[in-house]
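Me: Hi! I'd like to explore a protein structure by asking questions, one step at a time. Could you help me read it?

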Amino acid sequence: PGEPGASDEEKSQEAQCSGLTQRMRTSRLDHLAIAAKAKVPHANFLFYLEGPFGDPSALLSRPDDPLVQEWKQQAISQLKEQADTGDYLSTAVLFNLYHEGSEASKKDTALSLRYLVALRSIEDQNNATSTVGSVFHSVDLLASEKDLSPAQIAAATAAGNAMAALW
């Protein structure tokens, strides 16, 4: 409320929300969780962005809290469910999480390769008639792939291609 530099439109939207109570603001997280579980498009991503209890800093301040652990598991699970059906945004988020590592998940080369293969394939399908190349083709996993066995690479590639086929 009252954020400096807010546009007239933002101020107008804020005025429309002036009657919201704290309970109403908190319940939006409950509604977001319901929407994410119901697989409303992009609700899983918004659920992830909100962080545990609407407080992303809880991932750093209370990483061992059972409720934070439960939230992590739920957020990642919801992203995976959508990615497995070919959802581009969920796939990109999971690639980033497993490629870089984060408070929500550890770095995992096999999983990052899986999601990278899916993203590259989706981008190739999307750009089939375009001269613009895939941004994901510039990602180099070869250095970290040396830690994977040929079987792991084959499994990640097959899983990524299967996800992309559903896009």
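Me: How much space lies in the largest pocket?
Reply: Happy to help, and do keep in mind that this is a predicted model. For the largest pocket, the computed space is about 330 Å³.

Me: Which element gives the largest share of the lining of that pocket?
Reply: The lining is made of 17 residues, and D30, A33, F47, F53 and W71 are the ones nearest the pocket's centre. Three elements give two or more residues each: α2 (22–37), α3 (43–50) and α5. Seven residues, the largest share, come from α2.

Me: F53 was on that list, so where does F53 lie, and is it buried or exposed?
Reply: Its place is the loop between α3 and α4 (58–61). The phi angle of F53 is near 60°, a positive value in a residue other than glycine. Buried would need a relative accessible area under 20% and exposed one over 50%. F53 has 43%, so it is partly exposed.

Me: How many salt bridges are there, and what does the one between R28 and E50 tie together?
Reply: Searching the whole structure gives five salt bridges. In the one between R28 and E50, the closest N and O atoms are 3.3 Å apart. R28 sits in helix α2 and E50 in helix α3, so this pair ties together parts that are 22 residues apart in sequence.

Me: Which residue forms a salt bridge with E81?
Reply: Look for a partner whose closest N and O atoms are 3.6 Å from those of E81. This pair links distant parts of the chain, with E81 in helix α5 and its partner in the loop between α2 and α3, 42 residues apart. The partner is partly exposed, at 44% relative accessibility, and its phi is near 65°, a positive value in a residue other than glycine. The residue is K39.

Me: And D87: which side chain makes a polar contact with the side chain of D87?
Reply: D87 is placed in the loop between α5 (66–83) and α6 (88–100). It is buried yet has no salt bridge, and the nearest side chain of opposite charge, K39, is 12 Å away. Leaving out residues up to four places away in sequence, D87 touches H42 and Q82. Its polar contact, at 2.6 Å, is with the side chain of S90.

Me: Last one: how many residues apart in sequence are the parts that R114 and D84 tie together?
Reply: R114 and D84 form a salt bridge, with the closest N and O atoms 3.1 Å apart. R114 lies in helix α7 (residues 109–126) and D84 in the loop between α5 and α6, so the parts they tie together are separated in sequence by 30 residues.

Key:
Residues numbered from 1 in each chain as written. Predicted model: local features only at pLDDT ≥ 70, side-chain atom pairs only at ≥ 80, totals over all residues. Heavy atoms only, no water. Helix = DSSP H or I, 4+ residues; strand = E, 2+ residues; numbered from the N terminus. Buried < 20%, exposed > 50% of the residue type's maximum accessible area, 1.4 Å probe, protein only. Lys, Arg positive; Asp, Glu negative; His and termini not counted. Salt bridge = Lys/Arg side-chain N within 4 Å of Asp/Glu carboxyl O. Polar contact = N/O pair within 3.5 Å; in protein donor to acceptor, adjacent residues only side chain to side chain. Contact = heavy atoms within 4.5 Å. 1 Å grid on protein atoms, 1.4 Å probe; cavity = no way out; pocket = protein on both sides within 12 Å on 5 of 7 lines; lining within 4 Å. Points joined across faces, edges and corners; volume = space filled by probe spheres on them.
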